[in-house]
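Colleague: I should like to go through this model with you before I plan any further reading. Could you take my questions one at a time?

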Amino acid sequence: MDSAQFSLTSLVAHPAQERVPYYCSKVLEFMQILVRDNNVDQALRALKKKLQREGVYREMKLRRHYEKPSEKRAREKAAAVRRARKLDRKRLERDSAK
């Protein structure tokens, strides 16, 4: 018996690789998820996982409200400080283990 194959398609934003008009900061590509044996739940889980990896949920959360440029800079700077501290902790932990 053949398994019916359907596909769930979602638009996902990727950074532009070529010049685009000033109003388009991102290029949209299609993401395809196959539904095997009519198992839609499994396909939805796979779609959600891919969207999570792409950062779509994070971007949707950030775009709910307008973020002033000064707030954006402060948020990005705080994230960079957190990344640097985490890298230093890992480096220190790795060096002390030797």
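The exchange below concerns a predicted model and moves from its overall fold to its salt bridges, its pocket and its core.

Colleague: In what order do the elements of the protein run from the N terminus on?

Modeller: The protein has three helices and two strands. One of the strands is β2, at residues 26-35, and one of the helices is α1, at residues 40-54. From the N terminus on, the order is β-β-α-α-α.

Colleague: What share of the residues of the protein count as buried?

Modeller: A residue counts as buried when its relative accessible area is under 20%. The protein has 98 residues, and the share that meets this description is 11%.

Colleague: How many salt bridges does the structure hold, and which side chains meet at 2.8 Å?

Modeller: The structure holds three salt bridges. In one of them R63 meets E59, with 2.9 Å from N to O. In another, R91 meets D88 at 3.5 Å. The pair at 2.8 Å is R75 and E67.

Colleague: Is R63, which meets E59 in a salt bridge, buried or exposed?

Modeller: The partner E59 has a relative accessible area of 26% and is therefore partly exposed. For R63 the relative accessibility is 60%, and the class begins over 50%, so R63 counts as exposed.

Colleague: In which helix do R91 and D88 both lie?

Modeller: R91 is partly exposed at 36% relative accessibility, and D88 is partly exposed at 44%. The two are three residues apart, about one turn of the helix. Both lie in helix α3, residues 69-97.

Colleague: Which element gives the most to the lining of the largest pocket?

Modeller: About 380 Å³ of space lies in this pocket. Two elements, α2 (56-62) and α3, each give two or more residues to its lining. With four residues, the element that gives the most is α3.

Colleague: How many charged residues are in the lining of the largest pocket?

Modeller: The lining includes R58, K72 and E76, and it also includes R63, E59, R75 and E67. R63 and E59 meet in a salt bridge, as do R75 and E67. By class, the lining has three nonpolar residues and one polar residue, and the charged residues number seven.

Colleague: Which elements give two or more residues to the largest nonpolar core?

Modeller: This core has seven residues. They are M31, I33, V35, A43, L47, L51 and V56. The elements that give two or more of them are β2 and α1.

Colleague: What distance separates the C-alpha atoms of R45 and I33?

Modeller: I33 belongs to the largest nonpolar core, whereas R45 lies in helix α1 and is exposed at 54% relative accessibility. Along the chain the two are 12 residues apart. Their C-alpha atoms are separated by 9.9 Å.

Colleague: Among contacts in the protein with a separation of 6 or more, what share comes from residues 24 or more positions apart?

Modeller: A contact here requires heavy atoms within 4.5 Å. Of the contacts with a separation of 6 or more, residues 24 or more positions apart account for 41%.

Terms used
Residues are numbered from 1 along each chain as its sequence is written. This is a predicted model: local features need pLDDT of at least 70, side-chain atom pairs count only at pLDDT 80 or more; totals for chains, interfaces and linings use all residues. Side-chain values use heavy atoms; hydrogens and water are left out. A salt bridge is a side-chain nitrogen of Lys or Arg within 4 Å of a carboxyl oxygen of Asp or Glu. Buried means under 20% relative accessible area, exposed over 50%, partly exposed in between (1.4 Å probe, protein chains only). On a 1 Å grid over the protein atoms alone, a cavity is a set of points where a 1.4 Å probe fits but cannot get out, and a pocket is an open set with protein on both sides within 12 Å along at least five of seven lines; lining residues have an atom within 4 Å of a point. Grid points are joined across faces, edges and corners, and a volume is the space filled by probe spheres set on the points. Ala, Val, Leu, Ile, Met, Phe, Trp, Tyr, Cys and Pro count as nonpolar, Asp, Glu, Lys and Arg as charged, and the others, Gly among them, as polar. A nonpolar core is a set of buried Ala, Val, Leu, Ile, Met, Phe, Trp, Tyr and Cys residues joined through side-chain atoms within 4.5 Å.
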